[in-house]
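Thanks for making room for me this morning. I would like to walk through one model with you, beginning with how its parts meet and then turning to the ligand.

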Amino acid sequence: MILEGNNVDRSYKEQVDVVIIGSGCGGATVAKQLAAEGHSVLILEQGGYFTAQRGDFDQRSDNMLARIDGGRGMHTSVNNELALMYGNCVGGASVHYWADCWRMPKDRCDEIAATGVTGHSYEELTPYFEQIEKDHNVHFAAPEYYNTMNRLFNEGAETLGWHAEPTPQARRGCAKSGHCYQGCAYNAKQSQLVTSVPAAIEAGARLMADCQVESITRNAKGEASGIEAVFIDRASGRANGHRLQVQARIVVLAAGGYSSAAVWLRAKLPNGSGQVGKNFLCNPNTFLYGLYDREIKLWENIPAATGTSQYRLATYKNDEYVEGGYLLHPNQLQPEFLALTLPGFGEDHRELVSQLPNIGSVVSWIDDELPGEICLNSNGDAEYHYQLRGVDELKARDSLKKQAQLLFATGAKEVIVPDIAGTRLHSVDEIGVFDELPITNGNYLFGAPHPAGTLRMGADPATSVVASNHEAHEVANLFVADPSVFPMQPSVDPSISIMAWSYVAAKEINTRLLSLG
Ligand SMILES: Cc1cc2nc3c(=O)[nH]c(=O)nc-3n(C[C@H](O)[C@H](O)[C@H](O)COP(=O)(O)OP(=O)(O)OC[C@H]3O[C@@H](n4cnc5c(N)ncnc54)[C@H](O)[C@@H]3O)c2cc1C
């Protein structure tokens with residue numbers, strides 16, 4: 001059963017075993033697992049329920065960002081350095097993700113284990129990875145799904161002596177529409193909307209969409225005991241006057257890396273460690289454009305059938321950064337977004353836009369280590385403070401050099417930097433410009449689709465917010481199942497890791513429910 005805000009004409013009171021805040025990779029995975037165990041599960045999602053069957057995915061960026069993106073595509077960090085990209089709909093960010101599906105690598109699992117986290121080793125996660133990959137049809141794309149930029153990427157990597165490798169993809173019956181980012185109109189992209197959400201409903205879970213949780217309630221012992229929420233009028237985005245109160249034995253916070261810490265702070269839950277909202281990481285994306293003498297049509301077919309993890313881990317010599325610390329992939333943008341992010345104004349911009357089909361692009365996710373912070377402003381809205389700096393800035397600059405190398409190696413006659421100055425390079429000999437180019441404080445816009453870290457997991461309640469069983473150190477029966485708990489970034493796109501960790505959370509919650517009787 002999925003109840004939508006538009007069909008709500010009264011306030012509700014519910015009593016369930018488990019109430020889950022958020023329906024993304026974290027929330028939907030936990031819901032599916034616990035419903036299958038026979039527990040009564042209620043999922044609450046503040047965004048709307050949009051489906052391909054109803055024709056909601058019309059492939060127009062303006063409409064679709066308003067429907068599925070948390071900030072309608074316009075939310076930035078306080079200093080305008082980051083474009084915050086996140087989901088706000090049933091299925092969460094997975095409805096607008098690219099469906100690249102990397103497992104958290106063993107080396108990163110080992111690093112996390114070394115911080116004192118238990119139960120999340122590569123070996124322990126492997127059965128979950130296998131199940132997730134099966135359920136999401138994760139596979140390598142066949143050659144027919146490689147667009148021109150994907151093919152150029154492989155050619156460029158070969159020329160430069162880098163190894164390229166196919167990116168695991170979660171798709172089934174892809175129609176090659178190229179509108180993954182806008183939400184798949186063919187139900188081919190294996191988002192939570194078409195996988196774990198229906199599986200959870202099938203197993204007996206209920207879902208209320210357009211339902212925003214305002215508060216997590218606690219009993220006299222300080223244990224989580226439920227939530228309070230308001231229903232949202234989708235057209236205005238405001239509360240429609242009807243409320244929801246839920247009493248639950250377990251509360252699962254899975255509102256995503258941009259929102260869970262904010263929910264916690266708004267609910268004024270204990271924060272003895274002072275770590276709630278701290279340690280905010282986001283894998284800032286660097287990207288460059290290449291202008292070619294041939295058609296690329298960045299918007300066709302699937303985004304990143306290929307890529308390279310050759311530079312995933314940063315290398316150091318005598319403690320000095322040398323290179324790496326990012327994934328490198330072909331980029332995909334639909335024409336309107338491409339036009340929007342090309343630099344320049346007036347005639348300069350028009351001239352570039354007239355050449356849109358001939359523009360190629362590559363993109364990197366920086367494995368960031370130096371965190372920012374999420375806090376609340378005086379209205380109770382989340383603010384995102386983040387400044388790229390130190391080794392993360394070096395990684396970003398190195399990734400830009402590698403991107404320019406690849407674009408020139410594949411025949412780009414110019415490389416265009418999406419910075420305020422509209423910097424252009426005419427040969428690979430000019431890549432030294434990236435050593436000094438102003439790229440912070442809004443001079444260059446980093447995409448930020450992978451928020452993490454703000455309710456981090458750890459053994460010590462003095463330095464972390466949740467324990468290895470995903471339960472809050474200071475609030476019994478409150479579990480967190482999203483990347484807010486990651487003590488460090490997975491070093492790859494995170495969706496599969498979020499799901500695998502959420503399997504662990506579901507197992508721990510099931511054990512708790514059985515012990516509660
Ligand atoms: C454009 C884009 C491309 C991406 N591409 C990839 C990719 O190719 N591969 C990959 O692995 N990852 C990718 N990612 C990242 C991946 O999609 C996310 O990390 C993942 O889906 C996050 O899942 P989650 O459950 O943590 O959070 P979310 O998916 O954000 O789900 C949280 C949900 O909670 C809801 N919520 C928030 N606050 C409240 C509240 N108070 N009350 C009720 N509900 C609330 C939100 O509306 C949201 O739907 C991409 C992300 C974006 C934005």
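Between domain 1 and domain 2 about 3800 Å² is buried, and 56% of that area sits on carbon and sulfur atoms. Please keep in mind throughout that this is a predicted model. On the domain 1 side, the residues that lose the most area to domain 2 are Glu-81, Trp-98 and Trp-102, which together account for 21% of what that side buries.

As for where the bounds fall, domain 1 is assembled from the segments 2-137, 178-275 and 454-516, while domain 2 takes 143-171 together with 283-448. The C-alpha centres of the two domains are 28 Å apart, and the contact between them draws on 41 residues from domain 1 and 48 residues from domain 2.

Let me now move to the ligand. How many residues surround the ligand, and which are the closest? There are 39 of them, and the closest are Gly-26, Glu-45, Ala-93, Asp-100 and Ser-495. By residue class, this shell divides into 20 nonpolar, 15 polar and four charged residues.

In terms of secondary structure, helix 1 (25-36), strand 9 (211-218) and helix 11 (495-516) each contribute at least two residues to the shell, and strand 9 gives the most, with three residues.

Two of the closest residues also appear among the backbone contacts: for Gly-26, a backbone N or O atom lies 2.9 Å from an oxygen atom of the ligand, and for Asp-100, a backbone N or O atom lies 2.7 Å from a nitrogen atom of the ligand. A further backbone N or O atom, belonging to Ala-255, lies 3.5 Å from a ligand oxygen atom. Is the ligand mostly covered or mostly open to its surroundings? Of the 1000 Å² of accessible area that the ligand has on its own, the protein covers 96%.

That is where I will stop, and I am glad to go back to either part of the model in the discussion.

Notes
Residues numbered from 1 in each chain as written. Predicted model: local features only at pLDDT ≥ 70, side-chain atom pairs only at ≥ 80, totals over all residues. Heavy atoms only, no water. Near = heavy atom within 4 Å. Polar contact = N/O pair within 3.5 Å; in protein donor to acceptor, adjacent residues only side chain to side chain. Areas by Shrake-Rupley, 256 points an atom, 1.4 Å probe, with all protein chains shown as cover. Helix = DSSP H or I, 4+ residues; strand = E, 2+ residues; numbered from the N terminus. Nonpolar A, V, L, I, M, F, W, Y, C, P; charged D, E, K, R; others polar. Domains from an automatic or database assignment. Contact = heavy atoms within 4.5 Å. Buried area = accessible area lost by both parts, 1.4 Å probe.
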